[in-house]
Amino acid sequence: SVDRYFPPVRETSTIISGDFQAWYPPQSLASRAFYWDQYKKHLVGAKDWQRDSDAGLDEDTRKVVERISDPTRVDAFSARGLVVGYVQSGKTANFTGVIAKAIDVGYRLVIVLAGTLDILLEQTQRRLDMELVGKENILQDWDETDPELGPHDYADDRDWADGKFISFGFRPSSRDFPDIIRLTGGGNDFRNLGHGIVALEMEKRDKLKPLYDPYNLFPCRARIAVVKKNAIVLKRLVSDLKKVRKQLGEIPTLIIDDESAQASVNTTDPRKWKEGTTERTSINKLLSELLDLLPRAEYVGYTATTYANVFVDPEDAEDIFPKDFLL
């Protein structure tokens, strides 16, 4: 039968996981579930999702978020995980839901590695803007009716005009939820921020406390960058992060690696390495440098092909072997 070659998607997911410190969902933060609730409403309304699909996504994203670190945790911990799904099985919906829940609980820097092609980058940026970031965060204080301000990113987008971009009806910060600052957009990849490097500097209410302290963390705005897996682009990102190095050890960060089997894996031949060294491909080297710069970064890869990722050397602490979980 056809099921022999193309087995049907099961209702439950399989998890290979090490021990983890249970912390999610934090019941004390139930009132902060803003972006997840808005995303869930958007899916049900705009995409006509069935209730069981909604519940399944809630459950699967919970299984990911509970295995990354509590963003208010005092000691830094960086998890490595991998989420595997059939082609066209909803991986983008899954990581969008994970991002929504992560921002709700305090992750304040989100980096999405969106494949190696411009078209994938643009699709991912647009989908996150439409289904998660929302009109109010895209426009911020921009008055789109003012002709002197010129067009915004989606001024000519039919879905924007037709009301298909999520809209909250208010700026999240006006209701004590974090705004989202987009570090990328307009069809462009990440560029050096220059004087705009202040966009990466996280604001604190109490400068004597670390950012991950709840008093500072929850009012702080979240930042999202959608980045192509290209050496030049990743070098720009690493360079800009180094300019705010003093803060990096305090920023709860989520790195989503879409199509993680592509370009991210170190494919150099170990037999040709100099003794005592690890030689890396350019993308893998920059990804390792990114993880090293951000000690509170949680790495979650998404793929339909597990083989490349699970054959990463598990003894290489700087690489992306899914040591903590595989969903």
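Here are some friendly questions and answers about this predicted model.

Me: In what order do the eight strands of the open sheet lie?
Reply: Happy to start there. The pairing in this sheet is mixed. Its edge strands are β1 (16-17) and β4 (180-182), each of which pairs on one side only. Reading across, the order is β1-β8-β2-β7-β6-β3-β5-β4.

Me: How many bridges join strand β6 to β7?
Reply: Strand β6 covers residues 253-258, and the two strands run parallel. One place to look is Thr253, whose bridge partner in β7 is Ala297. The number of bridges joining β6 to β7 is six.

Me: Which residue of β7 is the bridge partner of Leu82?
Reply: Strand β2 (residues 80-84) runs parallel to β7, and five bridges join them. For Leu82, the bridge partner in β7 is Gly301.

Me: Is strand β7 largely enclosed by the rest of the structure or exposed, and why?
Reply: Let's check both faces. On one side Ala297, Tyr299, Gly301 and Thr303 are buried, and on the other Glu298, Val300 and Tyr302 are buried too. That makes seven of the seven residues in 297-303 buried, so β7 is largely enclosed by the rest of the structure.

Me: Which residue in β6 stands opposite Ala114?
Reply: Here it helps to look at strand β3, residues 109-114. Strand β3 and β6 pair in the parallel sense over six bridges. Opposite Ala114 in β6 stands Asp258.

Me: How many residues apart in sequence are the parts that Tyr35 and Phe168 tie together?
Reply: The structure holds eleven aromatic pairs. Tyr35 and Phe168 form one that is edge-to-face, with 5.9 Å centre to centre and 85° between the planes. Tyr35 lies in helix α2 (residues 34-46) and Phe168 in the loop between α7 (158-161) and β4, so the pair ties together parts whose separation in sequence is 133 residues.

Me: Are Tyr35 and Phe168 buried or exposed?
Reply: The cut-off for buried is under 20% relative accessible area. Tyr35 has 1% relative accessibility, and Phe168 has a relative accessible area of 9%. Both values fall under that cut-off, so Tyr35 and Phe168 count as buried.

Me: Is the pair of Tyr154 and Trp160 stacked or edge-to-face?
Reply: The angle between the planes decides this, since under 30 degrees counts as stacked and over 60 as edge-to-face. The ring centres of Tyr154 and Trp160 are 6.2 Å apart and their planes lie at 15°, so the pair is stacked.

Me: Which residue lies over the face of Trp36?
Reply: A charged end can sit over a ring in this model, as with Lys209 over Tyr215, 5.0 Å from the ring centre. At Trp36 the distance from the ring centre is 4.3 Å. The residue over the face of Trp36 is Lys101.

Me: Which helix gives the most to the largest nonpolar core?
Reply: This core has 48 residues, and those with the most contacts inside it are Ile99, Ile224, Leu254 and Val300. Leaving aside neighbours within four places in sequence, Ile224 touches residues including Ile99, Ile103, Val110 and Leu132. With eight residues, the helix that gives the most to this core is α4 (residues 91-105).

Me: How many residues are in the other core?
Reply: This core lies apart from the largest one. Its members include Met202, Val244, Leu286 and Leu293. The number of residues in it is 31.

Note on methods. Residues are numbered from 1 along each chain as its sequence is written. This is a predicted model: local features need pLDDT of at least 70, side-chain atom pairs count only at pLDDT 80 or more; totals for chains, interfaces and linings use all residues. Side-chain values use heavy atoms; hydrogens and water are left out. Buried means under 20% relative accessible area, exposed over 50%, partly exposed in between (1.4 Å probe, protein chains only). Helices (H or I, at least four residues) and strands (E, at least two) are DSSP runs, numbered from the N terminus. Two strands pair if DSSP finds at least two bridges between them. Rings of Phe, Tyr and Trp (its six-membered ring) pair if their centres lie within 6.5 Å; planes under 30 degrees apart count as stacked, over 60 as edge-to-face and the rest as tilted. A charge sits over a ring if NZ of Lys or CZ of Arg is within 6 Å of the ring centre and within 35 degrees of the ring normal. A nonpolar core is a set of buried Ala, Val, Leu, Ile, Met, Phe, Trp, Tyr and Cys residues joined through side-chain atoms within 4.5 Å. Contact means heavy atoms within 4.5 Å.
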